[in-house]
Each structure stands twice: as C-alpha cells, then as structure tokens.
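Work through the following exercises with the sequence and the model open side by side. Each task is followed by a solution that proceeds in steps.

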Amino acid sequence: MGSEGERGPAAAPGPGQGDPRALRRDCQHRIFVNRSLALEKIKCFGFDMDYTLAMYKSPDYEELAFALLLEHLVSIGYPHEILAYKYDPTFPTRGLVFDALYGNLLKVDSHGNLLVCAHGFRFLKGAEILHYYPNKFIQRDDMKRFHILNTLFNLTEAHLYACLVDFFTNCSRYVNCDTGYKHGNLFMSFRSMFQDVREAMDHVHLSGCLKEKTLENLEKYVVKDPRVPLLLSRMKEVGKVFLATNSDYNYTDAIMSYLFDFSDGDKRPWRSYFDLIVVDTRKPLFFAEGTVLRQVNTDTGKLRIGTYTGPLQHCAVYSGGSSDVVCDLLGVKGKDILYMGDHIFGDILKSKKRQGWRTFLVVPELARELQVWTEKSELFEELRSLDLFLAELYQHLDSGSSERPDISSIKRRIQKVTHEMDMCYGKMGSLFRCGSRQTLFANQLMRYADLYAASFINFLYYPFSYLFRAPPVLMAHESTVEHSRLDVGEAGTALAPWLARHGHPGQQVAGVPQDSSGEEEGDGEA
C-alpha cells in the first residue's frame with residue numbers, strides 16, 4: 001500500500017456524513033432555535049423599537065437612567081448621600097427577583113428554587129439564606145411579594161435596590177429590621193422602598209426626562225448600524241414589515257430618523273421601510289383587548305380625533321390599537337407573523353400565548369455569554385469530570401451496600417468551580433444558568449421564544465428560504481442512555497432509501513414538488 005500522499009483524493013462525505021460543526025455559522029452571527037420555523041412561510045415581520053431596532057449603548061444608557069432615578073428619589077425625600085452611588089454594569093443581570101418583604105435580590109430556577117441570594121451587595125450563604133427561606137424556595141406566584149425584573153430597562157432598577165439596601169443597612173442613623181429600617185418613630189419597609197423605586201421608574205420614563213437626555217446625545221446612547229436599513233429592505237421584498245412600539249410618535253420619529261440617516265446610503269424616509277407603524281401600543285395590553293386605534297398627524301405629532309376605521313394607508317402612523325387590528329390591516333393571521341422584541345413578557349410571551357405569533361427574542365447579553373462559554377470551556381469540562389467521578393464512586397454500590405463514599409471534597413470542588421464559572425459572567429453570574437442549573441429566564445426563553453439571537457441583524461446571514469430546525473430536546477433517560485451506534489458507512493447506507501425517494505437535498509424529484517418545510521414548523525409546538 002502506498003503512502004498517504006500517493007493515494008487518490010478522499011471521497012467526499014455523503015449527505016448527513018459531514019462534521020455538523022463545519023456547517024455552522026459564526027456563533028456571533030447565528031440564530032438559535034427552540035421551535036422549528038420555515039422562514040419562507042413567514043409573510044410578515046414585526047418589530048419592537050427599544051432594545052430591538054434601536055439598541056442602546058451599554059453601560060452609558062444605564063448610567064444615564066440610574067442617575068435620573070437617584071435624582072428623583074432625592075427629590076421625594078431620600079438622603080442626598082445616595083447620589084454617591086454609580087451604576088455598576090458587572091452587578092445586575094436580567095431575570096432577578098426582588099423580594100419586597102425582606103429586600104433581597106434573588107436568582108431562581110423555573111420552579112422557584114434559589115440559586116443566588118443577595119442583600120444589598122452582600123451575598124448570603126447557608127444559614128443566612130435558610131433564615132429567610134427555610135426551604136431555599138419561593139412561591140413565584142405571590143406577585144405582591146416577588147417581582148421579576150426581566151427587561152433591559154430593569155437592569156438599573158435591580159442595581160438601585162441593591163444600592164438602597166446597602167446604604168440603609170450600613171448607615172448608623174437607621175436600625176436594621178428583617179423587613180425594613182427604623183429611624184426614630186419612622187419605619188421604612190422594603191415594600192415601600194420597592195413602591196418608591198417603581199414610581200421613580202415610571203417618572204423617568206413617562207415624564208420624558210430620559211428620552212429628552214437621550215435625544216440630546218444620540219451618538220452617545222444609541223447604536224447606529226448601516227445593516228438595519230439593508231435588512232429591512234430585503235425583508236420588505238419578501239413580505240410585509242411593521243413596527244409596534246410603546247414609545248410615542250415624536251420620540252419614535254427622532255430615534256428612527258437617526259437610525260436610517262446615512263450620508264452614503266439610500267435617502268428614503270424611515271417610514272417607507274414599513275407597511276404599518278403603530279406607536280403608543282401599551283404592550284402587553286396591545287396583545288389583549290388593546291386600546292382605541294387613532295391616526296397620528298405626522299406633521300405635529302398629535303393624534304387625530306376619533307377611532308380610525310379605514311384601510312391601511314401608505315406611510316401612515318397609528319396610535320394604540322391591538323394585535324388583532326394589525327392582523328386585519330395587514331391581511332395576515334397569527335402564524336404568518338414573526339415578531340421580534342426584547343421583552344420576554346410584553347413582547348414574546350403575550351404575542352405567543354394570546355395570538356399564536358411566531359417569536360424572536362433579542363438577547364444582547366448573548367454575545368458575552370457565548371464568549372465566556374467558549375473561552376472558559378475548561379471549567380464546564382471540569383464540572384462534567386466531577387460528575388463522572390461521582391458516578392464512578394457509586395458505580396458498584398447498591399441498596400445492600402454499607403459503604404458510604406466520602407464526597408464532601410467533591411461537593412466543595414463543584415461549588416468552587418460553579419462559583420468561578422459564574423464570576424466570569426458578572427457578580428450575579430450568567431443570565432441563563434448557575435453551574436449546571438438553568439435560570440428562570442432561560443426556561444422562559446426556551447418556552448416562549450421560537451428563535452433567539454444577540455440581534456435581529458443576524459437574519460442578514462440566512463436566506464429567506466431557510467428552515468430553522470430545532471434540535472431534539474432530550475429527556476434525562478434519553479440523554480444518558482446510549483443508542484446502539486452505526487458507523488459512518490452504515491449511516492450512509494441507512495440514508496440510501498430516503499435519498500431514493502426524495503433525491504439529494506436541494507434537488508426535486510421529477511414529478512414530485514418538494515415542500516422543504518414538511519411538517520417541521522410544528523415540531524415542539526404545544
């Protein structure tokens with residue numbers, strides 16, 4: 001036999017025999033799939049604006065919002081000393097839960113089991129956690145006590161709770177109690193603190209001060225990407241495009257004009273990229289009964305009186321309405337629409353559960369999560385090795401065994417590696433997991449978002465005929481019990497009957513029109 005250099009060229013792998021990793025797009029350009037979706041079946045692309053079409057620069061935007069929140073709290077009587085606090089982007093993450101009884105920030109899984117607990121900036125351990133939560137568990141459906149901070153706007157709110165608890169806990173003028181602080185004859189509960197912060201959040205957003213400061217320096221606070229008009233132009237060639245935002249028209253017009261203004265590009269007005277524009281939507285109410293649909297005078301920004309009942313007008317802007325109105329005006333039904341937003345509750349959950357829209361969740365944190373996932377792979381591998389070591393210790397023991405392996409050192413090592421891994425993401429750890437346990441946010445994302453990515457811009461890297469195929473979700477008995485394996489040659493043989501019937505992927509067997517999506521779109525649907 002001759003040397004390898006003398007052999008003829010190796011045969012190209014047949015269909016399904018190549019390395020799947022070689023077929024994947026760059027991870028920063030990828031769209032990830034929870035439920036299969038045939039993109040060619042989508043007739044309408046819908047967008048939220050804030051944190052979806054318009055990405056705000058972090059941490060500059062959060063720092064601005066945080067400073068405005070502090071100023072408002074001081075204006076209603078909070079101590080001036082709190083103005084010394086600065087926003088720390090390494091502390092909060094989305095999906096935290098604020099306990100309005102004890103003032104703690106909690107990270108939980110989908111069942112309410114505690115993963116992380118912090119009082120101010122102090123992370124509680126063991127006996128301290130058991131003092132507040134005897135079962136290391138919370139009743140998530142107690143909405144008066146436990147408040148989920150799921151949006152990107154909530155990042156500043158979460159950090160503010162930690163700052164206030166830190167300040168009052170360490171200020172000698174106040175006496176610490178389990179449920180708040182005493183100062184003379186006054187008692188400030190954590191619940192009243194929560195209400196004050198929520199009122200401050202409403203003031204900052206509804207009074208217009210945050211929007212005003214943002215518009216004064218758009219370059220500092222808003223990401224401008226020339227790919228946005230390019231992608232929307234391509235989407236409009238294959239379907240309809242609409243915008244549904246909670247923002248008012250004047251702010252929307254200013255932000256969108258900035259996003260679509262490129263000196264070397266197409267000078268089209270931003271409204272021409274959309275078939276329908278709806279402002280003041282008041283999501284999630286928009287996905288239920290909605291509000292009165294009114295037309296906006298785009299010259300003045302004011303609303304025209306009366307309910308709009310006419311047909312869809314080109315480049316017109318509407319206020320209010322509902323998701324049903326959107327479907328009627330555009331002539332589409334729920335499954336025809338792919339809606340993209342950043343709000344797991346206001347954008348994704350409600351549009352999925354109430355309207356059956358297909359959903360795409362924008363998760364900007366994913367870029368950082370993927371970076372840690374790839375760069376710190378040795379920590380994940382060590383956790384896996386520790387799990388295998390535990391399995392080996394118990395492998396030959398059964399109910400008749402009196403031997404009890406000492407696993408205390410392994411448990412300590414698992415805790416140490418998990419903590420080290422979490423700290424790579426930030427002080428509250430990963431958005432999606434704590435060690436090997438998934439967070440509440442991760443569970444909601446998997447349950448309600450058909451697709452997700454760091455940015456909707458990633459659609460640029462896929463054809464509009466693409467079939468997003470969900471990977472199989474394996475149960476514990478399926479992921480831990482091996483199949484009897486076929487070698488590569490056998491796998492190719494196993495594919496032969498299928499190829500004989502259907503032809504090579506991308507080809508059409510004569511006389512048989514091929515539906516590339518088959519029944520895939522419904523995979524995993526409830």
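**Exercise 1.** In this predicted model, find which residues Phe47 touches, leaving out those up to four places away in sequence.

*Solution.* Begin with the residues that follow shortly after in the numbering, where Phe47 touches Thr52 and Leu53. Continue further along the chain, where the contacts of Phe47 include Leu232, Met235, Val241, Phe242, Leu243 and Ala244. Finish with Tyr339, Met340 and Phe456, which Phe47 also touches.

Next, place Phe47 in its wider setting: the largest nonpolar core holds 97 residues, and Phe47 is one of those that touch the most other members, together with Phe274, Leu338, Phe360, Phe456 and Phe459. Helix α3, spanning residues 154–170, gives the most to this core, with 10 residues. Apart from this core lies another, of 19 residues, among them Cys44, Ala244, Leu293 and Tyr308.

**Exercise 2.** Describe the second largest pocket by its volume, its lining and the classes of its lining residues.

*Solution.* Start with the volume, which is about 1400 Å³. Then turn to the lining, in which 42 residues take part, those closest to the centre of the pocket being Thr151, Asn154, Asn246, Lys283 and His343. Among the elements that give two or more residues are β8 (146–149), α3 and α10 (344–355), while the largest share, six residues, comes from α4. Last, sort the lining by class, which yields 17 nonpolar, 13 polar and 12 charged residues.

**Exercise 3.** State what share of the protein chain is buried.

*Solution.* Taking under 20% relative accessible area as the cut-off, buried residues make up 46% of the 526 residues in the chain.

Terms used: Residues numbered from 1 in each chain as written. Predicted model: local features only at pLDDT ≥ 70, side-chain atom pairs only at ≥ 80, totals over all residues. Heavy atoms only, no water. Core = buried A, V, L, I, M, F, W, Y, C linked by side-chain atoms within 4.5 Å. Buried < 20%, exposed > 50% of the residue type's maximum accessible area, 1.4 Å probe, protein only. Helix = DSSP H or I, 4+ residues; strand = E, 2+ residues; numbered from the N terminus. Contact = heavy atoms within 4.5 Å. 1 Å grid on protein atoms, 1.4 Å probe; cavity = no way out; pocket = protein on both sides within 12 Å on 5 of 7 lines; lining within 4 Å. Points joined across faces, edges and corners; volume = space filled by probe spheres on them. Nonpolar A, V, L, I, M, F, W, Y, C, P; charged D, E, K, R; others polar.
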